[in-house]
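Student: Got a minute to go through this model with me? I'd like to start from one residue and work outward.

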Amino acid sequence: MTNSPEHELLLELQDLIIGTGSVADFLGGLSVIAASSLSRAAGTTIECGVTLKIKKKTATVGGSSDYAIHLDKIEQQVGEGPCIEALKVNAPVLLTDVRTDPRWPTYQERLLEEGCLSALGVPMDLGEDTSAALNFFASTTGVFTEATIGEAAKFARVARSAVLLTVRVATAEGAADDLSAAMESRTAINLACGIVMGQNRCSQAEAMAILIKVSSHRNQKLRDVAEEMVTKISGQEPSTYFDM
């Protein structure tokens, strides 16, 4: 049984997830695949940049080439353009000709200087205040036909699940790192509290008050004060242990 183009794309994206170590690396690889796919559909070279939006902040995170990344970053610098607009309206936005379209004059002037005459922004809604957009660029006009736009939108629909998975995994890993750091900090502070309680025969609350006072007096973070105390007493840095 012959696999459909959509199935083949999903398999390619799955391999990409496995073979990359970060969201940026994955989205960079995704942009290469997207540019290649749309170039075949249009019969001419199309570049692709990827913009990631998290909690109202957008940033260029990858591109099919250095040129594509540069073009995508122009939109971030100017703060307007088809990609940003696509994220707002959650629908493809076409810039047919940078020389005649009246919507984003500053952005279009910059694209013209770089030899880019048309662009297309295609959004991917990832939920939970997170979205991404594919920003396609062409050096000529008439490239982004109705059929090409449909192909770009279909690519975005198929790729959405892979992008969502990658972002969620990275978010979970980041949360795990934050939790680990917080637990390490808590361990040091609890051990230092125990030392102060033993030295001063006081309650935990009183020991914490002493540590906070030392932290304020030295203008050091409470964790740093605690770690320094534990290391001085035990000769080793404090560590968090987990039962497996």
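**Starting from Phe-136**

Tutor: Take Phe-136 in this predicted model. Leaving aside neighbours within four places in sequence, Phe-136 contacts Ala-34, Ala-35, Leu-38, Ile-46, Glu-47, Cys-48, Ser-118, Ala-119, Leu-120, Val-122, Phe-144 and Ala-152.

Student: Which residues touch the most other members of the largest nonpolar core?

Tutor: Phe-136 is one of them, along with Leu-30, Met-124, Leu-134 and Val-163. That core has 28 residues. The elements giving two or more residues to the core are α2 (23-42), β1, β4, β5 and α6 (146-200).

Student: Is β5 buried or exposed?

Tutor: Buried: 9 of the 9 residues of β5 are, so the strand is largely enclosed by the rest of the structure.

Student: Which residues of β5 point which way?

Tutor: Thr-130, Ala-132, Leu-134, Phe-136 and Ala-138 point one way. Ser-131, Ala-133, Asn-135 and Phe-137 point the other way. In a regular strand, side chains alternate between the two faces of the sheet.

Student: And what does β5 pair with?

Tutor: β1 and β5 run antiparallel, joined by 8 bridges. Glu-47 has Phe-137 as its bridge partner in β5. β4 also runs antiparallel to β5, with 9 bridges between them. There, Pro-123 stands opposite Ala-133 of β5.

Student: Zoom out. What is the strand order of the sheet?

Tutor: The order is β2-β1-β5-β4-β3, an open sheet of 5 strands with antiparallel pairing. β2 and β3 (93-95) are the edge strands, each pairing on one side only. On average, neighbouring strands of this sheet are turned by 20° against each other, direction ignored.

Student: Which helices pack on the sheet?

Tutor: Helix α3 (residues 66-78) is one that packs on the sheet, where it touches β1, β2 and β5 (130-138). The direction of α3 makes about 170° with that of β2. Helix α4 (residues 82-89) packs on the sheet as well. α4 touches β1, β2, β3, β4 (118-127) and β5, and its direction makes about 35° with that of β4.

Student: Back to the edge at β2. How many bridges join β1 to β2?

Tutor: There are 6 bridges between strand β1 (residues 47-54) and strand β2 (residues 57-63), which run antiparallel. Leu-52 has Ala-59 as its bridge partner in β2. Val-50 has Gly-62.

Student: What about the turn of that hairpin?

Tutor: The hairpin of β1 and β2 has 2 residues between the strands, and Lys-55 takes a positive phi near 50°.

Student: Where else is there a positive phi in a residue other than glycine?

Tutor: Asn-90 has a phi near 55°. Asn-90 lies in the loop between α4 and β3, and is partly exposed, with a relative accessible area of 46%. Arg-201 has a positive phi too, near 50°. Arg-201 is found in the loop between α6 and α7. Arg-201 is exposed, with a relative accessible area of 78%.

Student: New topic. How do α7 and α8 cross?

Tutor: The axes of helix α7 (residues 204-218) and helix α8 (residues 222-234) come within 9 Å and cross at roughly 110°. The two helices are therefore roughly perpendicular to each other.

Student: Which residues meet there?

Tutor: From α7, they are Met-208, Leu-211, Ile-212, Val-214, Ser-215 and Arg-218. From α8, they are Leu-222, Val-225, Glu-228 and Met-229. The residues of this contact divide into 7 nonpolar, 1 polar and 2 charged.

Student: Ala-147 caught my eye. Where is Ala-147 found?

Tutor: Ala-147 is found in helix α6. Ala-147 is exposed, with a relative accessible area of 59%. Ala-147 and Ala-41 are 106 residues apart in sequence, but 8.3 Å apart in space, C-alpha to C-alpha.

Student: What share of the contacts is long-range overall?

Tutor: Take contacts between residues at least 6 apart in sequence: 56% of them join residues at least 24 apart.

Student: Last one. What is the overall pattern along the sequence?

Tutor: The protein follows α-α-β-β-α-α-β-α-β-β-α-α-α. That comes to 8 helices and 5 strands. Of the 244 residues in the protein, buried ones make up 40%.

Key. Residues are numbered from 1 along each chain as its sequence is written. This is a predicted model: local features need pLDDT of at least 70, side-chain atom pairs count only at pLDDT 80 or more; totals for chains, interfaces and linings use all residues. Side-chain values use heavy atoms; hydrogens and water are left out. Two strands pair if DSSP finds at least two bridges between them. Helices (H or I, at least four residues) and strands (E, at least two) are DSSP runs, numbered from the N terminus. Axes are lines fitted to C-alpha atoms, for helices over the stretch in contact, and angles run from 0 to 180 degrees between N-to-C directions. Contact means heavy atoms within 4.5 Å. Angles under 35 degrees count as roughly parallel, over 145 as roughly antiparallel, 65 to 115 as roughly perpendicular and the rest as oblique. Ala, Val, Leu, Ile, Met, Phe, Trp, Tyr, Cys and Pro count as nonpolar, Asp, Glu, Lys and Arg as charged, and the others, Gly among them, as polar. A nonpolar core is a set of buried Ala, Val, Leu, Ile, Met, Phe, Trp, Tyr and Cys residues joined through side-chain atoms within 4.5 Å. Buried means under 20% relative accessible area, exposed over 50%, partly exposed in between (1.4 Å probe, protein chains only).
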